Structures are given as C-alpha cells and as structure tokens.
Amino acid sequence: MAQRAKAFSDNQPGAFFVDESCIDCGTCYTMAIDVFEGAEGHSRIHHQPLENQRLRASMALLACPTSSIGTEDKSSMAEAARAFPDPIEDGVHFCGFTSENSFGAWSYFLQREAGNVMMDSPRAAQPLLKRIEELGGVKTMVLSHQDDVADHATFHERFGCERIMHADDHYAGMDRYIEGADPVALAPDLLFIPTPGHTAGSACLLYRETFLFTGDHLWWNPQRGMLSASKRVNWHSWSKQLKSLEKLLDFNFRWVLPGHGTSKRTETAQEMRRELERGLEYLKKL
Ligand code: SF4
C-alpha cells in the first residue's frame, strides 16, 4: 500500500501520488500518460487527473505491481476494479493487475468462441478473477518465457487452463511443453512461434494473423520511434534473438503486444513488416 509519507517530492501536489516503492516498470505512464510520467528511475504524477482522467488513473493504480500509487480520492476505484480486463481490439484485452514477480509485465486476455486464452500471467487479484469468470474463464494459458509466469498456478487451479511453454526454458509446472524451433498451431487461429534469444525458450503467440504477443522479445520504443529489443536485458543469446526477430518477417500481423514496453498497431501487415525491417536494421548495428 502506497504511503503518503514516502511519496516522491516531484509529484504534483494533489490526491494522487507515487511513493518510493516504485520499481519504474512503466505500466502507469503507458496506461495514463496524461497523469503519470517517468522521471529518473521512477514514476511521478506530472498532472493530477481531471474528471475525465480519474478512471484511467485509478486503473493504473490497480495495475501497478508494487502498490506504489496512492490516492485520497477513491471515487473511481470500484469502477476501475471492474474495468479489467481492459479491451484493446476484437476481444483482445489487457489484464491489468501486473505482478511484481514479473517486474510488472503485461498479460493479455483473448475472448474467443473456441475458449478463452491468456498470454502470460497477471496477478491473481480477486476483482480480475471474478471478471474473468464472468467472461467464461480461461481454457489456455500461453507463457512467453519463464520470467512472466506470476500467478499461473492460481489461474490453473481456478479455471483448469492448460499452461503451455517452450521446453527450453526448463521451467517446471506447465501442462504442455513445445519442443523444437518450428511454429506449432495450438488452434486454427493460434500459432505458437518459438523465438529463442531473450531466454532459451522465449516464444511469441500469433492470434488471427493480426495480434502478435511478444513477451520480452520485441516492443515499440516511443523514444526511438521504432520497434526494439534489448541487448542489455538479454539472458540467453543476442545473436539468436536477432535471428528470431528476422523469423517474424515470415508472418502477418499488425499489432505488437509486449510484456514490457509500448504496444504498436499499424493499419496493415505490410506496414508492420516495414517497421520490423527498420527496427532490425538498427538492432543489428548494436
Ligand atoms: S506502475 Fe507502479 S511500479 Fe510501475 S512505474 Fe508506475 S508507480 Fe512505478
């Protein structure tokens, strides 16, 4: 729980504040840029929310992995708790309620006729569990890699979802392990794509040839204005990660939805392919 006594002095005065427990995961200023911003290793309130920004700021408070955001204004909290999973497009949602165990990684909920899917695990917060139950539960949980598993066991116990991960991360407790380098169709609209590099068993999930869930493999970097990846935050092999990024040029998608960093949407798959080529050109020079 955020403590007013430990609030950063660079918060704009008012009801909302960020305290010293912030780990600078970026979730709040990705979600509510009008209110939060990154400032030298932590987040701060740069503008107290206006009436029409309060719900989003309250949602960011709930999504924070370390409960580092506090407010004396609770007027939108109940509505914020019911607002997750937060719709993105065509049944794809952001789960909110990120976990400190995953350094605030984002997870996603895919509502589908053939059974709902979760990409990576959020924190098993009661309001989220309740809403997901109302939306039909979770049939399949795909884990991008061993670091973003958070409360997968609780989701499995509650909804009986099959948990799928690539075998090369050697992470115990999954229900199914994918082996090898070839993509595997989990369903006609769901393709598991092994993308080793960030970790040995890192993988992306392609949904309906539109949405690519990338874990820690690829994201949009708004400062550089291009798709990006991190050589510094690479736990296995940078050269393999570059090869895995090139491999994505073979697939059609117009959304990149990462665990960390900003998502990217383009109008067409061709446009996204050009963005990937542009990002790769930069990353290969690092
Ligand atoms: S969501 Fe929480 S931990 Fe992440 S940057 Fe914001 S205040 Fe910090």
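**Entry 1. Glutamate 209**

I began with glutamate 209, which counts as exposed at 54% relative accessibility. I noted early that the model under examination is a predicted one. I located glutamate 209 in the loop between β14 (203-207) and β15 (211-215). I then looked up its backbone: phi is positive, about 50°, although glutamate 209 is not a glycine. For context, I recorded that most residues other than glycine have a negative phi, and most peptide bonds are trans.

**Entry 2. Other backbone entries**

I found a positive phi of about 50° for serine 67 as well, again not a glycine. Serine 67 belongs to the loop between α2 (54-63) and β4 (69-71). Its relative accessible area is 33%, so I entered serine 67 as partly exposed.

I next looked at the peptide bond from phenylalanine 84 to proline 85 and entered it as cis, with omega near -5°. Proline 85 is placed in the loop between α3 (77-82) and β5 (86-89).

**Entry 3. Surroundings of the ligand**

Which residues come closest to the ligand? I listed Cys22, Cys25, Cys28, Cys64 and Thr66 as the closest of the 14 residues that surround the ligand. By class, I divided this shell into 8 nonpolar, 5 polar and 1 charged. I also looked up the cavities, and the largest of them is the space that the ligand takes.

**Entry 4. Serine 21**

I placed serine 21 in the loop between β1 (16-18) and α1 (27-31). Serine 21 has a relative accessible area of 32% and is therefore partly exposed. Setting aside residues up to four places away in sequence, I found that serine 21 touches Thr66, Ser67 and Ser68. Of these, Thr66 is also among the residues closest to the ligand, and Ser67 has the positive phi entered above. I also looked up the separation of the C-alpha atoms of serine 21 and alanine 2: they are 7.7 Å apart, with their positions 19 residues apart along the chain.

**Entry 5. Helix α2**

Why is α2 described as largely enclosed by the rest of the structure? I found that 8 of its 10 residues are buried, so the description follows. The buried residues of α2 are Arg54, Ala57, Ser58, Met59, Ala60, Leu61, Leu62 and Ala63. I traced their packing partners as β1, α1, β2 (36-39), β4, α3 and β5.

**Entry 6. Helix α5**

In helix α5 (residues 152-159), I identified His152, Phe155 and Phe159 as the buried residues. They are on the same side of α5, because they cover an arc of only 65° around the axis. I noted the general rule that an α-helix has 3.6 residues a turn, so residues three or four places apart point the same way. The cover over the buried residues of α5 includes β8 (117-119), α4 (126-134), β9 (140-142) and β10 (162-166). After the helix I found glycine 160, with a positive phi near 70°.

Is histidine 156, another residue of α5, buried or partly exposed? I entered histidine 156 as partly exposed, with a relative accessible area of 25%. Beyond its neighbours within four places in sequence, histidine 156 makes contact with Cys161, Arg163 and Asp175. The C-alpha atoms of histidine 156 and valine 138 are separated by 8.4 Å, and the two residues are 18 residues apart along the chain.

**Entry 7. Aspartate 168**

I located aspartate 168 in the loop between β10 and β11 (176-178). With 39% relative accessibility, aspartate 168 counts as partly exposed. I looked up its contacts outside four places in sequence and found Ala200 and Gly201. From aspartate 168 to tryptophan 238, 70 residues apart along the chain, the C-alpha separation is 16 Å.

**Entry 8. Tryptophan 219**

I closed with tryptophan 219, which is in strand β16 (residues 219-221). Its relative accessible area is 16%, so tryptophan 219 is buried, the cut-off for buried being under 20%. Which residues does tryptophan 219 contact, leaving aside neighbours within four places in sequence? I listed Met226, Leu227, Ser228, Ala229, Ser230, Val256, Pro258, His260, Gly261 and Thr262. The C-alpha atoms of tryptophan 219 and phenylalanine 192, 27 residues apart along the chain, are 18 Å from each other.

Definitions and conventions: Residues are numbered from 1 along each chain as its sequence is written. This is a predicted model: local features need pLDDT of at least 70, side-chain atom pairs count only at pLDDT 80 or more; totals for chains, interfaces and linings use all residues. Side-chain values use heavy atoms; hydrogens and water are left out. A residue is near a molecule or strand if one of its heavy atoms lies within 4 Å of it. On a 1 Å grid over the protein atoms alone, a cavity is a set of points where a 1.4 Å probe fits but cannot get out, and a pocket is an open set with protein on both sides within 12 Å along at least five of seven lines; lining residues have an atom within 4 Å of a point. A molecule sits in a cavity or pocket if more than half of its atoms lie within 2 Å of its grid points. Ala, Val, Leu, Ile, Met, Phe, Trp, Tyr, Cys and Pro count as nonpolar, Asp, Glu, Lys and Arg as charged, and the others, Gly among them, as polar. Buried means under 20% relative accessible area, exposed over 50%, partly exposed in between (1.4 Å probe, protein chains only). Helices (H or I, at least four residues) and strands (E, at least two) are DSSP runs, numbered from the N terminus. The arc is that of the directions from the helix axis to the C-beta atoms. Contact means heavy atoms within 4.5 Å.
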